[in-house]
Amino acid sequence: MGKPHTRVYAETVFELVEPDGTAPVDVTLAYETSAPHTVVMELEIRESHRPSVWALSRSMLAEGLLVPAGLGDVQITPATPEFVLLQLGDDAEQASLWMPLAEIEEFLESTYDAVPVGEEDQWLEVDTTLDQILKAG
């Protein structure tokens, strides 16, 4: 392909919605130009120290900042001027998290600097993408 691959990385804190309030969740967001359609999100509840890794579509993440997006195990919905609601899991076990809108927008802008919208297929490496999806699952 000839283009050097890069990685966009950000750390932030989401808030896990619990019956008696919220709990902080340390989050690492990662985007690699070798898998240009995918954002990998690693979440770690501070008390548990057990990370949970989710791979989601960059376009779905962006869409979810404006309108409800996603099906099944990952759903993103605009909630307030400052937060977006992320729901992970199925009906039996689901987590709801508040994502800070400004930080997600900033992360997405960084990914667009690396690979502009519409140019993803120029960077696509099927083997690498498949490996990432399998590792995240």
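In the predicted model, Ala-102, Glu-106 and Asp-113 are exposed on one side of helix α2. The other side of α2 is distinguished by a set of buried residues, namely Leu-101, Ile-104, Phe-107, Leu-108, Thr-111 and Ala-114. These buried positions lie on the same side of α2 because they cover an arc of only 140° around the axis. The helix comprises 14 residues, 101-114, and its first and last C-alpha atoms are 20 Å apart, close to the 20 Å expected at 1.5 Å a residue.

The largest pocket encloses about 390 Å³ of space. Its lining consists of 15 residues, of which Ile-45, Ser-52, Trp-54, Glu-93 and Ala-95 are the closest to the centre. Two or more lining residues are contributed by each of the strands β3 (38-45), β4 (51-57), β6 (83-89) and β7 (94-100). By residue class, the lining of this pocket contains 9 nonpolar, 4 polar and 2 charged residues.

Strands β6 and β7 are also linked by an aromatic contact, formed by Phe-83 of β6 and Trp-98 of β7. The count of aromatic pairs comes to 1. The ring centres of Phe-83 and Trp-98 are 6.3 Å apart and the ring planes meet at 65°; the pair is therefore edge-to-face, the cut-off for this class being over 60 degrees. Since Phe-83 and Trp-98 belong to different strands, β6 and β7, the pair ties together parts that are 15 residues apart in sequence. Phe-83 is partly exposed, at 31% relative accessibility, and Trp-98 is likewise partly exposed, with a relative accessible area of 28%.

Technical notes: Residues are numbered from 1 along each chain as its sequence is written. This is a predicted model: local features need pLDDT of at least 70, side-chain atom pairs count only at pLDDT 80 or more; totals for chains, interfaces and linings use all residues. Side-chain values use heavy atoms; hydrogens and water are left out. On a 1 Å grid over the protein atoms alone, a cavity is a set of points where a 1.4 Å probe fits but cannot get out, and a pocket is an open set with protein on both sides within 12 Å along at least five of seven lines; lining residues have an atom within 4 Å of a point. Grid points are joined across faces, edges and corners, and a volume is the space filled by probe spheres set on the points. Helices (H or I, at least four residues) and strands (E, at least two) are DSSP runs, numbered from the N terminus. Ala, Val, Leu, Ile, Met, Phe, Trp, Tyr, Cys and Pro count as nonpolar, Asp, Glu, Lys and Arg as charged, and the others, Gly among them, as polar. The expected span of a helix is 1.5 Å times one less than its number of residues. Buried means under 20% relative accessible area, exposed over 50%, partly exposed in between (1.4 Å probe, protein chains only). The arc is that of the directions from the helix axis to the C-beta atoms. Rings of Phe, Tyr and Trp (its six-membered ring) pair if their centres lie within 6.5 Å; planes under 30 degrees apart count as stacked, over 60 as edge-to-face and the rest as tilted.
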